[in-house]
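Please look over the model below. The report that follows takes its strands, its core and one residue in turn.

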Amino acid sequence: QVQVVESGGGLVQPGGSLRFSCAASGSFLSIYEMGWQRQGPGNQRAMVAAITSAGTTKYADSVKGRFTISRDNAKNTVYLQMNSLKPEDTAVYYCNAKILDLENTYLEVWGQGTLVTVSS
């Protein structure tokens with residue numbers, strides 16, 4: 001069974017910073033992409049940032065220049081550094097991993113979500 005476990009999150013003032021990590025564990029052949037999505041109050045879940053095993057990154061326009069995603073392939077772990085946080089960044093953040101399992105089937109595995117609140 002493959003799972004991803006997130007850590008980080010919490011309450012931060014506008015302009016502050018937070019750092020998430022997300023680790024994938026279990027039995028699988030490879031992870032070709034890991035990333036983060038978020039769901040704010042009254043909004044649908046949306047992509048925040050993602051990174052492939054080759055290091056290619058993509059970001060939502062709303063976080064470009066403020067958020068940085070990175071990855072440690074040896075640890076199957078992805079990190080999200082969030083700077084200059086704004087109240088509109090308040091959301092539940094979900095880590096996800098796109099995995100090739102032992103049966104050569106592509107799976108998408110989700111974390112349980114972690115709440116970020118940006119407020120003074």
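Arg19 stands opposite Gln81 in E8. This is one contact point in the pairing of E3 (18-25) with E8 (77-82). Six bridges join E3 to E8, and the two run antiparallel. Two strands count as paired here if DSSP finds at least two bridges between them. Strands themselves are DSSP runs of at least two residues (E), helices are runs of at least four (H or I), and both are numbered from the N terminus.

This is a predicted model, in which local features need pLDDT of at least 70 and side-chain atom pairs count only at pLDDT 80 or more, while totals for chains, interfaces and linings use all residues. Residues are numbered from 1 along each chain as its sequence is written, and side-chain values use heavy atoms, with hydrogens and water left out.

**The four-stranded sheet**

E3 also pairs with E1 (residues 3-7), in the antiparallel sense, over five bridges. Within that pairing, Gln3 stands opposite Ser25. Val4 has Ala24 as its bridge partner. The open sheet has four strands in the order E1-E3-E8-E7, with antiparallel pairing. E1 and E7 stand at the edges with a single partner strand each, so one side of each has no neighbour in the sheet. On average, neighbouring strands of this sheet are turned by 15° against each other, direction ignored. Such angles come from axes, which are lines fitted to C-alpha atoms (for helices, over the stretch in contact), and run from 0 to 180 degrees between N-to-C directions.

**Strand E9 and its partners**

Which strands does E9 pair with? The table gives each pairing of E9 with its bridge count.

| Partner of E9 | Sense | Bridges |
|---|---|---|
| E4 | antiparallel | nine bridges |
| E10 (residues 106-110) | antiparallel | five bridges |
| E11 | antiparallel | three bridges |Single bridge partners fill in the detail. Gln37 has Tyr94 in E9 as its partner. Ala97 stands opposite Val109 in E10. Ala91 is bridged to Val116 in E11. The hairpin of E9 and E10 has five residues between the strands, and Asn104 takes a positive phi near 60° there.

Is E9 buried or exposed? Eight of its ten residues are buried, so E9 is largely enclosed by the rest of the structure. Buried means under 20% relative accessible area, exposed means over 50%, and partly exposed lies in between (1.4 Å probe, protein chains only).

**The nonpolar core**

A nonpolar core is a set of buried Ala, Val, Leu, Ile, Met, Phe, Trp, Tyr and Cys residues joined through side-chain atoms within 4.5 Å. The largest one has 31 residues, and Trp36, Leu80, Met82 and Tyr93 touch the most other members. Strands E3, E4, E5, E7, E8, E9 and E11 each give two or more residues to this core. E9 gives the most, with five residues.

Tyr93 has many partners from elsewhere in the chain. Leaving aside neighbours within four places in sequence, Tyr93 is in contact with residues including Phe20, Trp36, Val48, Phe67, Met82 and Val116. Glu6, Gln37 and Arg38 are also among its contacts. Contact means heavy atoms within 4.5 Å.

**Ala23**

Ala23 belongs to strand E3. At 29% relative accessibility, Ala23 counts as partly exposed. Which residues does Ala23 touch, not counting those up to four places away in sequence? They are Gln3, Val4, Val5, Asn76 and Thr77. Ala23 and Glu6 are 17 residues apart in sequence, and their C-alpha atoms are 6.6 Å apart.

**The whole protein**

The protein has zero helices and eleven strands. Its C-alpha trace spans about 50 × 25 × 20 Å along the principal axes. The radius of gyration is 14 Å, which agrees with the value near 14 Å for a compact globule of 120 residues. That radius is taken over C-alpha atoms, and the globule rule is 2.2 Å times the number of residues to the power 0.38.

Buried residues make up 43% of the 120 residues. The accessible surface comes to about 6,300 Å², and 46% of it belongs to carbon and sulfur atoms. Accessible areas come from the Shrake-Rupley method with a 1.4 Å probe, and for residues only the protein chains shown count as cover. Of the contacts between residues at least 6 apart in sequence, 55% join residues at least 24 apart.
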